[in-house]
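The exercises below each set a task on the structure shown here and then work through a solution step by step. Please try each task on the model before reading on.

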Amino acid sequence: MQHLEIKVSVIVPVYNVELYLEKCLLSLVHQTLQDVEIIVVNDGSKDHSQQIIEKFQQEYPEKIFGFTKENGGLSDARNFGIDRARGKYIGFVDSDDYVSETMFEDMMNIAEKHQAEITICNLQKVDERGNVTQKLTQLPGFPEKIILENNMSVFSDISYFACNKLFRRELFNNRRFRKRIHFEDIELIPQLFLASDIIGFTPAYHYQYLERSASISKTHTLKGLDILKAVETVTVKFDQSIYRDHKAALKNFQILEGVYTFLAYLAFVKNQADYFRMSQELDLFLGINNIKTKDILQYKRFGRNYLLSLPIGKKIYYVLSIFRLRRVVRMLTIKK
């Protein structure tokens, strides 16, 4: 039997997701795109995930390629998959999520049509019953083909998930997810954009992001500081890139990821000492990058004031957080 050329490699890291893995893999083996390989990396699961992987390998031997490794975290599992990928394009799917059956055919066709290095689709959050809880629109009003040089607002406005994007494989030459850090997407994915010229886009909500009830109450700790470290890394790479003159795009990226994303995380930090420490680090970040409170309050995303576009509860929280942060830092400075 003649093997089809591999167009897309889909990498699925797996760690203790036996309740969700089958639905994820079913959505992948039923893709309308035939020339696809699904690289499933069992990152040291201690549940029955491996049995599910083996079952799919037996049923779909030309599509499912399972690997096992010692637990090394999400970045390590993704890198493991990248090293073994044979496709012209690479995509990532988290093992508790699932996708539409036309996702990779649609995105690959757009990538090929426009010679796009990265192609983006919309995504939506779903609960465990499959109900849509939030639509995460990525590029409202944008065409299929986006020339990044002429649309640098894309760099500062999109969400840097790895999972709703299709990447030209060459982008990963000498680039990998950094291991042993959190928020690895915020660090690496912007760097891939900085190495790209053309971005493809489909408005279809192909990716279904599962919001697990057990994860909502997860502990938020000092690991949130990795958000600021990731933004600092991207800032250095931005200044070395062909887009380095687009300073407004960089500042807006720093505000969205380094301020708003960080504050959203900080809201759930319960340990007071951690909260104060992280507040201090954010204030240092604002000073180093010359970001004023006015810049934060006036930040626009997709041409609209970000605060005004938020639900009222979130809006109030963000405003209070910004000014509370200033008060906390002033109090700590006075005590010293």
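**Exercise 1. Decide whether C121 is buried or exposed, and whether C121 and C24 take part in a disulfide.**

Solution. C121 has a relative accessibility of 0% and therefore counts as buried, where buried means under 20% relative accessible area, exposed over 50% and partly exposed in between, with a 1.4 Å probe and protein chains only. The model is a predicted one, in which local features need pLDDT of at least 70 and side-chain atom pairs count only at pLDDT 80 or more, while totals for chains, interfaces and linings use all residues. Residues are numbered from 1 along each chain as its sequence is written, and side-chain values use heavy atoms, with hydrogens and water left out.

The next step is the sulfur distances, for which a disulfide is defined as a pair of cysteine sulfur atoms within 2.5 Å. The closest cysteine sulfur to that of C121 belongs to C163 and is 8.1 Å away, too far for a bond. For C24 the closest cysteine sulfur is again in C163, at 11 Å, which is also too far for a bond. A search of the whole structure finds zero disulfides.

**Exercise 2. Where does C24 lie, and against which elements do the buried residues of its helix pack?**

Solution. C24 is at 0% relative accessibility and so counts as buried. C24 belongs to helix α1 (residues 21–29), whose buried residues are L21, C24, L25, S27, L28 and V29; helices (H or I, at least four residues) and strands (E, at least two) are DSSP runs numbered from the N terminus. These buried residues of α1 pack against β1 (8–14), β2 (36–43), α2 (49–59), β3 (64–69), β5 (98–99) and α4 (103–114).

**Exercise 3. Describe how α6 and α8 pack, and which residues make the contact.**

Solution. Two packed helices are described by the angle between their axes and the distance between the axes. Helix α6 (residues 184–194) and helix α8 (residues 225–239) pack at an angle of about 20 degrees, with axes 8 Å apart. That angle makes α6 roughly parallel to α8, since angles under 35 degrees count as roughly parallel, over 145 as roughly antiparallel, 65 to 115 as roughly perpendicular and the rest as oblique. On the α6 side the contact (heavy atoms within 4.5 Å) is made by I186, E187, P190, Q191 and L194, and on the α8 side by I227, A230, V231, T233, V234, K237 and F238.

Key. Axes fitted to C-alpha atoms, helices over the stretch in contact; angles between N-to-C directions.
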